[in-house]
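Dear colleague,

I am handing over the structure we spoke about, and I would be glad if you could look through it with the notes below beside you.

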Amino acid sequence: EKGGFPHYMLKEIYEQPWVLENTLGGRLQEEAGEVALGLALDPLAVERVHFLACGTAAYAGWYGKYLLEILARLPAEWEVASEYRYRDPVVDGKTLAVVISQSGETIDTLEALREAKRRGARSLGVINAKGSTLTREVEDVLYIHAGPEIGVASTKAYTAMLAAMALLALWFGRARGTLAKEEAQRLIREMRKLPRLVEETLERRPLVAHIAEKYHQARDFLFLGRHVQAPTAYEGALKLKEISYIHAEAYPAGEMKHGPIALIDEHLPVVVLATRGPLYEKTLSNIQEVRARGGKVIAIATEGDEEISKLAQDVIYVPEVHPLLAPIVSVVPLQLLAYEIAVLLGRDVDQPRNLAKSVTVE
Ligand code: F6R
C-alpha cells in the first residue's frame, strides 16, 4: 500500500503534484480571473480573519495571513489554537475564524473554534478529512482534497493547505475589489503550473540526499526565511525535529541579529529560504552574516540564480514561480531533507517517537 515506496512519508511527498491538482484543479477560472469555492459565506460580511490551527497547519495559517493582507487587504491573524482558546480574543460577528486541519479531529483546534463561535465569529474549515468532527462544527468547509495522509509527519496536507490559502486570498481579493482581474489571472496561471513545478523539484532528491549525508551528524540546525518564506522555515525545522530528533530552530531571517546569531559557528548548518522576491537582497545579506561567522549555508534558491552559489556551500535550486506562491515549491526540498536525514539516522520515519497522527487529547 506504500506504492513501492519504503515509507508512507516518501510516498506522500511524491503525491504532491497530483494533490495540488486536486486542491486547485476544478476551482481555478482563469478566463474570469476568479476562483469557485462553493462557499455560502458572504465575503463582504468579513472584516477580520483569525486562522486557528496547530503545528504544521498553524504555519499554513501564517502564510494565509500574509496572503489575505496582501491580496485582499483583510486584517488577518494566525495563532496556535492552544493559546487562542485560553486568552481573551477580540471577536465579533464580522470576524471569520478559519480552522485549518488535516485530521479534522485536533482537540485544541476544535476548542478554539468553539471559543470563537461563542464570541460570535463566523466559521470556515480548511480541512482534509471528510466528515471529521471539525467539518461538522464549521459553517462552511473548503476541503483540501489531499487524500488520506498516513505518515505522522504532515507533508502533502501542508502543500495542499498552502494552495487552499492562495485560493481563499484570491476569492476574498476579487470579492473585495482589492485584486485586479489581470493580477488574479496571472496568479491563476502561476497556480496552474504548481503541480509541474513540484514534480520538477522532486527531481532534486539525489542532491538533497547528498546534502543530508554531509550534515546528518549535526546536533542543531537553523532555518531562516522572510515574508511568506518565514512559515516555510518554521515548517522545515518542525519536519526535521519530528522525524530525525535533531534540534532545529527557525527564525524570520531579520530576527537573527537579535539573538540567534550567537549560535552560529562552523558546526551549525543553516538552511536559508532565498528564492527571488521582494526581500531577496535582504536575505542575501543574512546569508553573508552567517558565512562571516563560519556557519554552513544550505540555500533554497531560484533556478538560474548564479550569485547565490558564490555565497552558500550548498544550493538546492527550485523552479521559478510567482514569489507569493514560492513556499508551495520551496517546502518540498525541506521535506526531503528531513526525510533523508531521518533515514540516515535510522529513525522510524512514519511513526516518530512520542507523536500521534491526530491529537485528540489536550
Ligand atoms: C506535523 C504534524 C502536526 C500536525 C498538528 C495538527 O508534521 O503533523 O504538527 O500538523 O498536530 O494536526 P491537524 O492538521 O490534523 O489538525
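What follows is a short account of the ligand and its surroundings, and then of the pockets.

Please keep in mind that this is a predicted model. The ligand is surrounded by 13 residues, and the closest of them are Ser101, Gln102, Ser103, Thr106 and Glu242. Several of these offer polar side-chain atoms to oxygen atoms of the ligand: for Ser101 the distance is 2.6 Å, for Ser103 an N or O atom of the side chain is 2.7 Å away, and for Thr106 the distance is 2.5 Å. Taken alone, the ligand would expose 410 Å², and the protein buries 89% of that area. When the shell around the ligand is sorted by class, there are 7 polar, 4 nonpolar and 2 charged residues, and helix 3 gives the largest share of this shell, with 3 residues.

The ligand sits in the largest pocket, whose volume is about 520 Å³. Of the 23 residues lining this pocket, those closest to its centre are Cys54, Gly55, Thr56, Lys357 and Val359, while helix 3, strand 5 (95-101), helix 5 (107-118) and helix 10 each give two or more residues to the lining.

The second largest pocket holds about 190 Å³ of space, and the residues that line it include Arg219, Asp220, His247 and Glu249. Strand 8 (220-225) and strand 9 (247-252) each give two or more residues to that lining, with strand 8 giving the most, namely 3 residues. By class, the lining of this second pocket has 5 nonpolar, 3 polar and 4 charged residues.

With best wishes

Note on methods:
Residues are numbered from 1 along each chain as its sequence is written. This is a predicted model: local features need pLDDT of at least 70, side-chain atom pairs count only at pLDDT 80 or more; totals for chains, interfaces and linings use all residues. Side-chain values use heavy atoms; hydrogens and water are left out. A residue is near a molecule or strand if one of its heavy atoms lies within 4 Å of it. A polar contact is a pair of N or O atoms within 3.5 Å; within protein, one must be able to donate a hydrogen and the other to accept it, and residues adjacent in sequence count only if both atoms are side-chain atoms. Accessible areas come from the Shrake-Rupley method with a 1.4 Å probe; for residues, only the protein chains shown count as cover. On a 1 Å grid over the protein atoms alone, a cavity is a set of points where a 1.4 Å probe fits but cannot get out, and a pocket is an open set with protein on both sides within 12 Å along at least five of seven lines; lining residues have an atom within 4 Å of a point. A molecule sits in a cavity or pocket if more than half of its atoms lie within 2 Å of its grid points. Helices (H or I, at least four residues) and strands (E, at least two) are DSSP runs, numbered from the N terminus. Ala, Val, Leu, Ile, Met, Phe, Trp, Tyr, Cys and Pro count as nonpolar, Asp, Glu, Lys and Arg as charged, and the others, Gly among them, as polar. Grid points are joined across faces, edges and corners, and a volume is the space filled by probe spheres set on the points.
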